[in-house]
Amino acid sequence: MKNQWLSLFIGSVRVKVQGRGAERFINACLRNGITVWDVKKHSEDITTFFILLKDIPNVRAVVRNSECKLYFIGKNGFPFFLKKMVSNIGFMVGISLFFIMIFLLSNMVWNIQIKGAKPETEYRIMKELQRMGVEKGAFQFLIDDPETIQRKLTNRVETITWVGVELKGTTFYFQVVEKKQPKETKRIGMQHLVAKKKAVITDMFVEEGQPVISVHDHVKKGQILVSGIIGKEGQTKLVPARGKIFGETWYKSTVVLPLQASFHVLTGKYVEKHYITIKNILIPVWGFKKPPFSHYKIDQQKKALRFWRWELPIFYERVIYRETEEVTRNYSWEEALQKAKEIARKELKAKLEEDASIKGEKVLHEAKENGKVRVEMHYQVIENIAIPQPIVQGD
């Protein structure tokens, strides 16, 4: 038979014909539309061949009109395999359940190890992990990936500086670096304090050294404010000048703000879909309907499934569709001007040190250009302008 796959699918049997006229019997089968192949003659009165399973009733009718006897000596194909499976259904179910259990157990979290953390910090980390669903018995494909867990732990546990997260098999490993107490200030060398920019002195707090300027003095960049050379002429000594010298400095800032802008924001509504991915084939597991949102943002989480120690080329993929809506923001001239001032002030504060303060502000220029507001601001700032300058030999 040319199509061996067809015979395997619909089933075939091997028969033995014994008696006189075996050739006539085979010819009669062919005349009745019975497919016969792999015919072998073993003796004068014994011949074997294959027929399809569906032709058994027809071959029985042919043998009644012949002088031969028919014996079924073999069977092959899917129907017989299926029948055997049904007869051993208990065994097959047991095997299937065994592999399913191994598969599920291979994709669960069975151990969590935390290194480098004090007991109280370790307790805090374990509590945060439980909030995130990372605990013994949790399915790996239902929890966040190691990078996300690392980011959340760093943000939520203030006593740690860094945490490394690694998933090996069914175990999570956490390597923690805790925040350390600030070390004692190192001994500084002999130095002056000089101005880092042009300013008008407003206040001084000198811990060590000889002040060479006074309040209300105008100073320029690089000018000595506190000398590290103290004492009378001929009896001087060098010290590390220390202190804070506050001066009034000046900044300019330019902000351009559109009067109208459109952007998308999350509404809080979302829909989840779950897939099993094999190469580029997506097999839906849960969430079959299309997202009911006209605008949405897609978050994808993809994790490889495991069987025992091996990582399978099969992935669990979780897709979250988060609804967004378009918001149009319109500013009046006054609102845009006020908002631009707030932005400029916020940007300036980000540049200043904590002990600096804004004394005053003034609008230098304001204009409306192509649907945008352009504002130039001038600020008066009180800040520490003193920076150290080492005393070199020969000063």
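Accessible areas are computed by the Shrake-Rupley method with a 1.4 Å probe.

**Figure 1. Exposed surface of the predicted model.** The structure shown is a predicted model. About 26,400 Å² of the protein is exposed, and carbon and sulfur atoms supply 54% of this area. Of the 395 residues, 32% are buried.

**Figure 2. Overall dimensions and secondary structure of the protein.** The protein contains 8 helices and 22 strands. Its C-alpha trace spans about 140 × 55 × 40 Å along the principal axes. The radius of gyration is 43 Å, whereas a compact globule of 395 residues would have a value near 21 Å. Among contacts with a separation of 6 or more, 67% join residues 24 or more positions apart.

**Figure 3. Charged groups of the protein.** The protein carries 64 positive and 43 negative charges. The mean position of the positive charges lies 10 Å from that of the negative charges.

**Figure 4. Close-up of Phe-141 in its loop.** Phe-141 belongs to the loop that connects helix H6 (119-131) and helix H7 (146-156). The relative accessible area of Phe-141 is 16%, so this residue counts as buried, the cut-off being under 20%.

**Figure 5. Close-up of the contacts of Phe-141.** When residues up to four places away in sequence are left aside, Phe-141 touches Asn-107, Lys-303, Leu-305 and Tyr-316. One of these partners, Leu-305, is 164 residues from Phe-141 along the chain, yet the C-alpha atoms of the two residues are separated by 7.7 Å.

Notes. Residues are numbered from 1 along each chain as its sequence is written. This is a predicted model: local features need pLDDT of at least 70, side-chain atom pairs count only at pLDDT 80 or more; totals for chains, interfaces and linings use all residues. Side-chain values use heavy atoms; hydrogens and water are left out. Helices (H or I, at least four residues) and strands (E, at least two) are DSSP runs, numbered from the N terminus. Buried means under 20% relative accessible area, exposed over 50%, partly exposed in between (1.4 Å probe, protein chains only). Contact means heavy atoms within 4.5 Å. The radius of gyration is taken over C-alpha atoms; the globule rule is 2.2 Å times the number of residues to the power 0.38. Lys and Arg count as positive and Asp and Glu as negative; His and the chain ends are not counted. The place of a charge is taken as NZ of Lys, CZ of Arg, CG of Asp or CD of Glu.
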